[in-house]
Amino acid sequence: MLGFLTARRAGLDDPLRLRRAESTRRVLGLQLNPDRDVDRIHGNGINAIDIEAVEGRYMLSGGADGVIVIYDLENFSGKLQYTCKAVCTIGRSSRYVHKFSVETVQWYPYDTGMFVSSSFDKTMKVWDTETLKPAEVFQFEGNVYCHHLSPIARKHSLIAVGTTNPKIQLCDLKSGSRIHILQGHRAEVLSVRWSPRYEHILATASADSKVKVWDVRRASGSLFTLDQHNGDKSKASSEAVNTAHNGRVNGLCFTGDGLYLLTTGTDDRMRLWNSATGENTLVNYGKVCNESRKRLQFTVSRGCSPEFVFVPCGSSVAVYTLHTGELVTMLRGHYNNVDCCEFHPDYQVSSSDLSPNSQEWFVPRMLTVTLLDSLCSSYFCFISSALQ
Amino acid sequence: MSRKRALISDAFNLKKRRNGTEQFGATAAEEGPADIKSSLEYLMTLFPRKLFNDALPQIVLKHQLYSIHSDRTLVDKELNKMRERGDLLMFQLGFDAEAFGLVFTSDYKAKVLVGEEGKTTQTTVERFLEKVVTVCTDLSFTKDKMLKEFLFTDSEITQLVKSGVLTVRDAGSWWLSIPNSGKFTKYFIKGRKAVLNMVKKSKYGEVLKAEIEERRTNSQVKFHMKYHIHDIVGAELVESIPTTSGTLLRFVDS
């Protein structure tokens with residue numbers, strides 16, 4: 001590390017290099033942090049978490065009881081031992097709370113004035129953070145498994161919604177219309193994700209084992225379907241043609257630069273795809289335990305070299321190197337099954353636990369932050385959420 | 001290739017060196033490409049030829065290699081290279097979508113030809129081996145391909161199925177297969193179940209690898225114990241945990 005610091009100071013190295021080196025060092029040193037904790041508001045499990053992109057300060061969490069909580073992750077107390085406080089809650093007593101479990105929550109990508117949540121009560125609500133009242137409610141016919149707003153969209157403000165209906169609905173935030181439908185899947189859509197590179201590219205994963213990539217500007221169907229055998233029809237039985245997995249596909253995640261797409265399926269496999277061509281890069285991660293009947297929220301690191309994938313695996317989080325498929329470590333600390341992980345370049349991955357007792361943070365042991373000037377933030381936290 | 005500056009990942013030496021388990025018989029953790037061939041050959045020696053009266057070529061399963069080498073992607077790449085060179089053949093064994101059998105091409109050809117001695121299907125099989133197996137690396141063939149590309153007639157295809165070189169996959173397509181491999185599959189599945197039960201029934205569902213290799217096998221297990229151990233570790237049916245007393249195999253409840 002000192003080599004990197006000296007090189008940076010002398011101007012031999014790009015500042016980004018030191019940042020990447022420090023990020024990688026921290027990811028490799030991730031451990032459960034005994035000092036940091038998060039307020040326990042949820043009575044049941046936590047299904048989804050999201051950390052806002054602007055400051056990385058506020059975290060949203062959606063629980064199995066329909067409760068949504070916003071936490072402030074910053075520690076201004078000066079003490080090491082700190083519990084992140086809940087800033088506000090939409091609890092069971094609120095008139096507008098979701099009736100059943102909240103499956104996905106997402107901050108509005110540009111500021112924290114708004115967030116969107118979707119739930120098994122067949123609605124998706126767009127909330128005003130100030131008043132904690134829904135500004136808009138979208139009704140659907142089936143349980144809403146997931147939704148996603150594009151993090152980079154400038155020309156559109158569409159929310160892609162995956163429900164038990166095989167058709168993917170695109171709801172427009174500006175006009176409130178939902179006439180745009182993407183047809184092509186044959187079973188319920190478990191996960192949708194916009195590309196972080198192109199604002200019109202959307203990837204969707206469904207229980208019919210297929211993953212389709214769409215350009216929403218196109219009138220006709222999907223751009224392509226991911227094929228795990230890369231067109232080699234001889235490898236598997238004929239039913240498995242053009243499928244991304246041999247089971248339901250329930251997790252989707254783009255890498256930070258949007259060049260690769262990761263998918264996980266109930267066949268206990270995770271696959272890395274080239275997002276431009278749809279080619280399976282054939283990186284072998286081994287058995288990635290996946291028993292989730294709903295969406296699996298996993299995440300990829302951003303700003304490290306090499307990149308890491310954090311996948312909830314039973315009651316721990318498995319960390320794999322993205323391009324070689326090597327299992328780096330298992331992060332243990334939760335008491336129940338982990339449900340979702342979120343990565344933050346300054347804070348580490350948060351994962352949420354569905355059991356009411358644990359929301360813990362993983363922080364690397366060494367906090368030698370003071371040496372670095374404006375490059376890196378002060379600490380990494382790994383919040384794991386687990387499923388009951 | 002000389003680099004002016006080192007890669008960031010090199011600074012953290014991501015390849016963790018495992019200490020303490022090497023002396024208990026596990027092969028060294030070197031990841032050079034040549035070692036995959038030698039691990040293949042080592043695994044082939046574990047295959048019991050006498051059990052099948054030498055009628056079968058030595059078969060190794062692809063995931064057995066994963067238990068020896070930690071980098072699976074590298075293993076896959078090397079195997080593909082060997083298949084493209086024509087040294088290695090891969091078969092879909094049928095009992096598991098992910099279980100692929102590997103056989104050296106020379107072994108396979110020799111055994112098949114020996115098995116075909118004196119049968120009416122001999123010429124067709126010879127032609128098949130020469131034209132198709134040497135050229136094409138596919139695991140299965142469709143009727144179209146057989147008729148048009150390789151110019152086999154329907155009756156010839158029936159002969160190939162009869163001789164065991166092709167197995168029915170579904171209407172109009174066939175898997176490439178090893179003749180008389182039914183016995184292999186039967187003994188293999190039985191043996192795998194028996195070994196897994198041995199691990200499961202041990203106290204706490206775990207057993208030291210060195211200890212289970214020494215155990216007396218019952219009549220269900222016809223193969224070498226090490227063959228089965230590599231199989232269950234590579235298929236991740238048991239977790240392989242390095243401990244101070246050697247590698248521990250813990251049954252994975254899934």
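I take helices (H or I, at least four residues) and strands (E, at least two) as DSSP runs, numbered from the N terminus. I am working from a predicted model, in which local features need pLDDT of at least 70, side-chain atom pairs count only at pLDDT 80 or more, and totals for chains, interfaces and linings use all residues. Residues are numbered from 1 along each chain as its sequence is written, and side-chain values use heavy atoms, with hydrogens and water left out.

Chain A, repeats. I looked up the UniProt record, an unreviewed entry, which lists "repeat: WD" at residues 95-137, 182-217 and 242-283 of chain A; such annotations may be inferred rather than shown by experiment. For residues 242-283 of chain A, I found 0% helix and 43% strand, with the end C-alpha atoms 18 Å apart. For residues 95-137 of chain A, the span is 0% helix and 53% strand, and its end C-alpha atoms lie 13 Å apart.

Chain B, overall. I noted 11 helices and 9 strands in chain B, and 47% of its 254 residues count as buried (under 20% relative accessible area, 1.4 Å probe, protein chains only).

Chain B, a helix pair. I then checked helix α9 (residues 182-201) and helix α11 (residues 225-234) of chain B, whose axes come within 10 Å and cross at roughly 75 degrees. I therefore call α9(B) roughly perpendicular to α11(B), a term that covers angles of 65 to 115 degrees. Among the residues making the contact (heavy atoms within 4.5 Å) are B:Phe184, B:Phe188 and B:Arg192 of α9(B), and B:Tyr227 and B:Asp231 of α11(B).

Conventions
Chains lettered and ligands numbered in written order. Buried < 20%, exposed > 50% of the residue type's maximum accessible area, 1.4 Å probe, protein only. Axes fitted to C-alpha atoms, helices over the stretch in contact; angles between N-to-C directions. Parallel < 35°, antiparallel > 145°, perpendicular 65-115°, else oblique.
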